[in-house]
Amino acid sequence: MIQESQESPQLDAHGNLKHFLTIEGLSRELLIEILEKAEGFVSVAQQAVKKVPLCRGKVIANLFFENSTRTRTTFELAAKRLSADVLNLNISTSATAKGETLLDTLRNLEAMHVDMFVVRHASSGTTHFMARHAHPHSSIVNAGDGGHSHPTQAMLDMFTIRRHKGDFSRLSVAIVGDIMHSRVARSQMLALKTLGVPDVRVIAPRTLLPTHVEEAFGVSAHHDLREGIRDADVVIMLRIQRERMNSALLPSEHEYFHLFGLTEKRLATAKPDVTVMHPGPINRGVEMDSQVADGERSVILEQVSNGIAVRMAVMSMCIGTQNSRAQAAGEDHV
Amino acid sequence: MSKTETWKDPEQIAEAVTQMARDLRELLEKRGLPNPLMIGIHTGGVWIADRLHEQLGLEEPLGHLDISFYRDDFTRIGLHPQVRPSYLPVGIDDRHLILVDDVLQSGRTIRAALNVLFDYGRPASVILATLAERSGRELPIAPDVVGFHAKLESNEQIKLSGPHPLIMLRGRIPKRSATQAPQQSADNGSRD
């Protein structure tokens, strides 16, 4: 058995991806490798047959314990474009609802020779837990775990930024919204810093900003939108979850828009060629004006397309190491 | 490759490419194929195709093909470390294609390249031009136009380095140790 690196539960002995759980602990080189491989997958969408045979014969299971449309659909499409067979497990009617433990669900699906699990769960750390207990020949991809991490979303955002801005080392990127509860923001901050973005800012009302965010992530915190996005190259808006409105963290949607909603007028303090992003789904009139969302500086729909290419890259990189891992573990699984 | 030496220098390569362009022109005329589309296979094939494209004076832009997603050794060695986007600027349906690569050995790269092409459309015909051709074919694939025919031992290897200058290197493949990272052996040039 090859000794696994203690620091990273997601890399094999050669430093290649076996699971994709978090941005934390991944090197700049590996993140760049993901972005470059994703570039290769973009052209697949231009083929008459929008498929490559890379993961033919592999089975990928979507395990979404939390609702999602966009992420689940793009993961499914990514897997299908890799020619994998996809299982979409309906959790609400599945054995989990009948009391089966997560580990039992994993074991049962592994017994059906599922090669990869794409997992979204409301509890932070779920995918790390599954990766620790997974067979050597299967892979776990994190599609969002609680308030912790959403690494493929962060990577597709990095991919979109790179396509529009090129060099990370001279950028100012502002993230606006519920930083406190956002796994997307956490993964984005880590990815931006790892890729060498010198100026990362987070902008939110005090109630939605974690304490010590500046020290923990090496970012600067702002409470005024117009000041926060001044001269920014990229502005990333986060979704305000409506349920937060009932928890006294925000007075009302209307007031949030009044102070933190992105309008063309407010965007004027950013660079003229600023790129506006949003992971979706957008609440028009809460996080941003329709004029901005549908404007020429918005790349929101491009983010969706890029998500497929980035997820294809991550999935194929993980599956590509499975055979050597199985061999290292002394198993005969092809 | 461990120890390498120059097998063909830039001048010899330029000469061979000129000869290939002549042979291609002749072949196209003989078969009556006007206005073909040229497509180079990453990376060495694109370098050669660039020069052929210019010499033949083709009007439509050169296509680039990356075969990483169609390789037959993915389950053994994983994704090729260098993936580049494929780029076919013009639709290939019903077109006559000239596929260009640097070295033809096993034929597996060409098999993969044909599969990529057929996922883009249905070409009318495909001609294969390679700068060098050597022993070791594992599939029924033969080139139509060749620059060099190489007589090599089975543990010998040739590889194009470039793009400026283009040099064909020759060397012996080192015996791989069992502990070597699987990705490192996934060199496109080591098989074909």
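1. Let me start with the annotation. For "binding site", an unreviewed UniProt entry lists A:Arg70, A:Thr71, A:Arg120, A:His150, A:Gln153, A:Gly280 and A:Pro281. Keep in mind that this is a predicted model, so everything below is read off predicted coordinates.

2. Take A:Arg70 from that list. Its place is in helix α2 of chain A, residues 70–81. A:Arg70 has 14 other C-beta atoms within 10 Å, so it comes out as partly exposed. Leaving out residues up to four places away in sequence, A:Arg70 touches A:Gly280 and A:Val304. A:Gly280 is itself one of the residues UniProt lists alongside A:Arg70.

3. Now A:His150, from the list that also names A:Arg70. A:His150 sits in the loop between β4 (139–145) and α5 (151–165) of chain A. Is A:His150 buried or exposed? With 26 other C-beta atoms within 10 Å, A:His150 is buried, the cut-off for that being 20 or more. Not counting residues up to four places away in sequence, A:His150 touches A:Gly144, A:Arg183, A:Val184 and A:Ser187.

4. There is a further "binding site" annotation to look at. Here the unreviewed UniProt entry gives A:Lys98, A:Arg183 and A:Arg239. These span 142 residues in sequence, and the farthest two C-alpha atoms are 32.2 Å apart, so they do not all gather at one spot. I'd keep that in mind when reading the three as a group.

5. Two of these residues can be placed in more detail. A:Lys98 is in the loop between β2 (85–89) and α3 (102–111) of chain A, and it counts as exposed because it has 7 C-beta neighbours inside 10 Å. A:Arg183 is in helix α6 of chain A, residues 183–194, and it counts as buried, with 20 C-beta neighbours inside 10 Å. The cut-off for buried is 20 or more, so A:Arg183 sits right at that value. Leaving aside neighbours within four places in sequence, A:Arg183 is in contact with A:Gly144, A:Asp145, A:Gly146, A:Gly147, A:His148, A:Ser149 and A:His150. A:His150 in turn comes from the other annotation.

6. What about the helices on either side of this story? The axes of α5(A) and α6(A) come within 8 Å and cross at roughly 50°, which makes α5(A) oblique to α6(A). The crossing of α5(A) and α6(A) is right-handed. On the α5(A) side the contact is made by A:Pro151, A:Gln153, A:Ala154, A:Met155, A:Asp157 and A:Met158, and on the α6(A) side by A:Val184, A:Ser187, A:Gln188 and A:Ala191. By class, this contact has 6 nonpolar, 3 polar and 1 charged residues. A:Gln153 is also one of the UniProt-listed positions, while A:Val184 and A:Ser187 turn up among the residues that A:His150 touches.

7. On to chain B. It has 4 helices and 8 strands, and along the sequence they follow the pattern β-α-β-α-β-α-β-α-β-β-β-β. Of the 192 residues of chain B, 40% count as buried. Among contacts in chain B with a separation of 6 or more, 73% come from residues 24 or more positions apart.

8. Where do the chains meet? The contact takes 20 residues from chain B and 22 residues from chain A. On chain B, α3 (74–77) and α4 (108–120) each supply at least two residues of the side that touches chain A. The most comes from α3(B), with 3 residues. That side of chain B has 10 nonpolar, 6 polar and 4 charged residues.

9. Some backbone spots in chain B deserve a look. Most residues other than glycine have a negative phi, and most peptide bonds are trans. A cis peptide bond joins B:His42 and B:Thr43, with omega about -5°; B:Thr43 is in the loop between β2 (37–41) and α2 (44–56) of chain B. The bond from B:Gly162 to B:Pro163 is also cis, with omega near 0°, and B:Pro163 lies in the loop between β7 (156–161) and β8 (167–172) of chain B.

10. Last, the positive phi values. B:Asn35 has phi near 55°; B:Asn35 is in the loop between α1 (10–31) and β2 of chain B, and counts as exposed with 10 C-beta neighbours inside 10 Å. For B:Asp94, phi is near 60°. B:Asp94 is in the loop between α3 and β4 (96–104) of chain B, and is exposed, with 10 other C-beta atoms within 10 Å.

Definitions and conventions
Residues are numbered from 1 along each chain as its sequence is written. Chains are lettered from A and ligands numbered from 1 in the order in which they are written. This is a predicted model: local features need pLDDT of at least 70, side-chain atom pairs count only at pLDDT 80 or more; totals for chains, interfaces and linings use all residues. Two residues are in contact if their C-beta atoms, placed from the backbone, lie within 7 Å. Ala, Val, Leu, Ile, Met, Phe, Trp, Tyr, Cys and Pro count as nonpolar, Asp, Glu, Lys and Arg as charged, and the others, Gly among them, as polar. UniProt positions are given in the numbering used here, feature names are shortened, and annotations may be inferred rather than shown by experiment. A residue is buried if 20 or more other C-beta atoms lie within 10 Å of its own, exposed if 12 or fewer, and partly exposed in between; C-beta atoms are placed from the backbone. Axes are lines fitted to C-alpha atoms, for helices over the stretch in contact, and angles run from 0 to 180 degrees between N-to-C directions. Angles under 35 degrees count as roughly parallel, over 145 as roughly antiparallel, 65 to 115 as roughly perpendicular and the rest as oblique. A crossing is left-handed if the near helix is turned anticlockwise from the far one by less than a right angle, and right-handed if clockwise.
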